[in-house]
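Please open the structure in the viewer and keep the sequence panel visible. The tour proceeds by selections, each followed by a description of what is found there.

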Amino acid sequence: MTHVTRYAFLVSPSHNRVYAQAAPALAVAEVAVLAERAFEGRLRDVVTTTLGGLPYVSLTLDDAARPDANGTDLALLSTLSSAYALFVVVGDPSAPDDATLRPVTRAGVDLFDSDLLTVQKYAGKTNEDFTRLLVNVTVAATDRPRDLAGPWTTRPDGARRRLRVLDPMAGRGTTLNQALVRGWDAAGIDVDARDVEAYATFLRTWLKNHRLKHTAGLATLRRDGKSLGRRFEATVGATADDYRAGDTIAVELVNADTVHAADLFPAGHFDAIVTDAPYGVLHGNRASGTRGPGGRSTPHDELTRSPVPLLTKALPGWVRLLRRGGAVGISWNVRVAPRAALEDALRDAGLEVLGDVRDDAAPDPWHGFEHRVDQAIQRDLVVGRKPR
Ligand SMILES: C[S@@+](CC[C@H](N)C(=O)[O-])C[C@H]1O[C@@H](n2cnc3c(N)ncnc32)[C@H](O)[C@@H]1O
């Protein structure tokens, strides 16, 4: 016998501000990726709907084959970047105006206060909700998509460890904070020393203000007697007991050029690599020296402002750092580089592109993420997986 529950969630109002009209469509694409990767076909009928004049996404979940005894399904729904309030829909789903919504308490997948994600404000920050979406769809693309539900992944030998996420162009750490809040070990690289200093100052202050037991320090990273750059490193206990037991979350940010990523961390170390590439607007592509005066754009600049030359140089190193079955997710500005160029760069580095148009699995949620950020930026994301 099938047991199907209909859920609806209110799309987060902050999502509406970030994405303007695209918010419900992006929410649907995020759920559809989770449905494809983490629910073995049990999550269906994902649609936008208006209830009481507000945008909701509704879906059905079949839990006959896999009753949600340990709450993993609910935790997965609770991780969605777009879900504000979650409900079970009672009554006739074909008559939405008569629907009754029964509130469902979301699973507590975030270990820390949300101000970790929202306090920092600076030019060039990647929106924290979009970063969460990018992190979610990248981890969903790995060969262990249900790892999204909590802090842990299970190693092939059966032991568990925290998930490990790298942002190889991390800026002031929006991705690192999204990983930390989930209890994942987070590492970042950025070529701008001011970003590393600013993140170190922010995180230390935040940890102190929240009275969390931690260690934190800035030091010079050396290998074979050579200086590889400044490195900020912190370890955090989610609780004082965890800290005392040595069960801590690691965060680090290294000031280096990302093309040297493979020198900085052990091979096969990360489960997911997530980055928001330079847009060619505010941040330039500094390794290839293409940052124009004031970052101003002219049509003539379009090709040189593309992140593709830098990505092509950096991706082989990033892929070395990824475990087999791990995934890379990159967002970029489609106004300075076409999707095909990003997909080619991922394939050339030995990754399988998710939603690759050359494989005809339909429907394809992976092409549903393009949206307008502002006049100069039309953003999309692409995800590739390292073969097992
Ligand atoms: C779009 S921003 C990322 C912003 C970040 N997600 C945040 O919210 O703070 C792109 C970043 O790439 C960095 N970057 C550009 N070229 C780089 C390189 N060759 N190596 C490392 N980082 C680089 C820039 O310094 C910038 O911080």
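How many bridges join strand E11 (residues 226–236) to E12? Select both strands: six bridges join them, and the two run antiparallel. Strands (E, at least two residues) and helices (H or I, at least four residues) are DSSP runs, numbered from the N terminus, and two strands pair if DSSP finds at least two bridges between them.

This is a predicted model, in which local features need pLDDT of at least 70 and side-chain atom pairs count only at pLDDT 80 or more, while totals for chains, interfaces and linings use all residues. Residues are numbered from 1 along each chain as its sequence is written, and side-chain values use heavy atoms, with hydrogens and water left out.

**Around strand E12**

Remain at E12 and select Ile249, which has Val236 standing opposite. Next add strand E9 (residues 185–190), which pairs with E12 in the parallel sense over five bridges. Here Ala186 stands opposite Val251 in E12. Is strand E12 (residues 249–255) enclosed or open? Six of its seven residues are buried, so E12 is largely enclosed by the rest of the structure. Buried means under 20% relative accessible area, exposed over 50%, and partly exposed in between (1.4 Å probe, protein chains only).

**Helix H6**

Select residues 174–181, which form helix H6. Eight of the eight residues are buried, so this helix is largely enclosed by the rest of the structure. Among the buried residues of H6 are Thr174, Asn177, Gln178 and Val181. Then move to Gly183, just after H6, which takes a positive phi of about 85°.

**The five-stranded sheet**

Now display the open sheet with the order E2-E3-E1-E4-E5, in which the pairing is antiparallel. Its edge strands are E2 (43–51) and E5 (100–104), each of which pairs on one side only. On average, neighbouring strands of this sheet are turned by 35° against each other, direction ignored. Axes are lines fitted to C-alpha atoms, for helices over the stretch in contact, and angles run from 0 to 180 degrees between N-to-C directions.

Add helix H2 (residues 23–38), which packs on the sheet and touches E1 (4–11), E2 and E3 (54–62). The direction of H2 makes about 165° with that of E2. Contact means heavy atoms within 4.5 Å. At the other side of the strand order, select E4 and E5, an antiparallel pair joined by five bridges. One residue to label is Val88, whose bridge partner in E5 is Arg102.

**Ser82 and Ser12**

Select Ser82, in the loop between helix H3 (72–78) and strand E4 (83–90). Why does Ser82 count as buried? Its relative accessibility is 0%. Leaving aside neighbours within four places in sequence, Ser82 is in contact with Phe9, Leu10, Val11, Ser12, His15, Ala27 and Glu30. A distance drawn between the C-alpha atoms of Ser82 and Val57, 25 residues apart along the chain, reads 9.3 Å.

From that contact list, select Ser12, which lies in the loop between E1 and helix H1 (13–19). Ser12 also counts as buried, because its relative accessibility is 8%. Not counting residues up to four places away in sequence, Ser12 touches Ser82 and Tyr84.

**The whole chain**

Finally, return to the full view. The protein chain has ten helices and 17 strands. Buried residues make up 52% of its 388 residues. Among contacts between residues at least 6 apart in sequence, 70% join residues at least 24 apart.
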